[in-house]
Amino acid sequence: MDWFWWVFIFFMAGGFAKVADTARTALRTRHERKMERLETARQQRQELAAAQKPPEPVCGCTHHLAKHDKKGKCHERVEMAVAWDADHKPVQYEAGQCTCQQYIGPQPLSQIYAEDLTDLA
């Protein structure tokens, strides 16, 4: 029964701190790995959702094709710089008409057909 007291004194003197620290480190590592797996799964879901969308026709002015008329003129309102400082950085903006003239971008495809790639060799 004498060994019991030595073990008791060891834990009371701080021997338990190493065991608790090891457990705390293990739980922290487990949590970090779990969060990484959750983040990876979230990114995969977002990428799959983005892959299902058709390409958006976006002009060089970054506005959608719906903002342009038949002649190609953009009808979106944008902020335009009207005053600059000594370093040629804009300091004042006003609302103005977008100056782009034409839609330049990918045309959305109604359907895409591609044969499966197979290794016949």
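**Figure 1. Two salt bridges turn up in a search of the whole structure.** A salt bridge here is a side-chain nitrogen of Lys or Arg within 4 Å of a carboxyl oxygen of Asp or Glu. This is a predicted model, in which local features need pLDDT of at least 70 and side-chain atom pairs count only at pLDDT 80 or more, while totals for chains, interfaces and linings use all residues. Residues are numbered from 1 along each chain as its sequence is written, and side-chain values use heavy atoms, with hydrogens and water left out.

**Figure 2. Close-up of the salt bridge between Arg42 and Glu39.** The N to O distance is 2.4 Å. Both residues sit in helix α1, which covers residues 2-51; helices are DSSP runs of H or I with at least four residues, strands are runs of E with at least two, and both are numbered from the N terminus. Three residues, or about one turn of the helix, separate Arg42 and Glu39. Arg42 has 31% relative accessibility, so it counts as partly exposed. Glu39 lands in that class too, at 33%. For these classes, buried means under 20% relative accessible area, exposed means over 50%, and partly exposed is in between (1.4 Å probe, protein chains only).

**Figure 3. Close-up of the salt bridge between Lys67 and Glu76.** Here the side chains meet at 3.3 Å, N to O. Lys67 is partly exposed because its relative accessibility is 38%. Its partner, Glu76, has a relative accessible area of 21% and is partly exposed as well.

**Figure 4. Close-up of the β1-β2 hairpin.** Strand β1 takes up residues 77-84 and strand β2 residues 90-97. The two run antiparallel and pair over seven bridges; for strands to count as paired, DSSP has to find at least two bridges between them. One pairing to pick out is Ala81, whose bridge partner in β2 is Tyr93. Five residues lie between the strands, and in that turn His88 has a positive phi of about 60°.

**Figure 5. The whole chain, for context: an α-β-β pattern along the sequence.** One helix and two strands make up the count of elements in the chain. Of its 121 residues, 10% are buried. The accessible surface (Shrake-Rupley method, 1.4 Å probe; for residues, only the protein chains shown count as cover) comes to about 11,200 Å², and 59% of that belongs to carbon and sulfur atoms. As for contacts (heavy atoms within 4.5 Å), take those between residues at least 6 apart in sequence: 34% of them join residues at least 24 apart.
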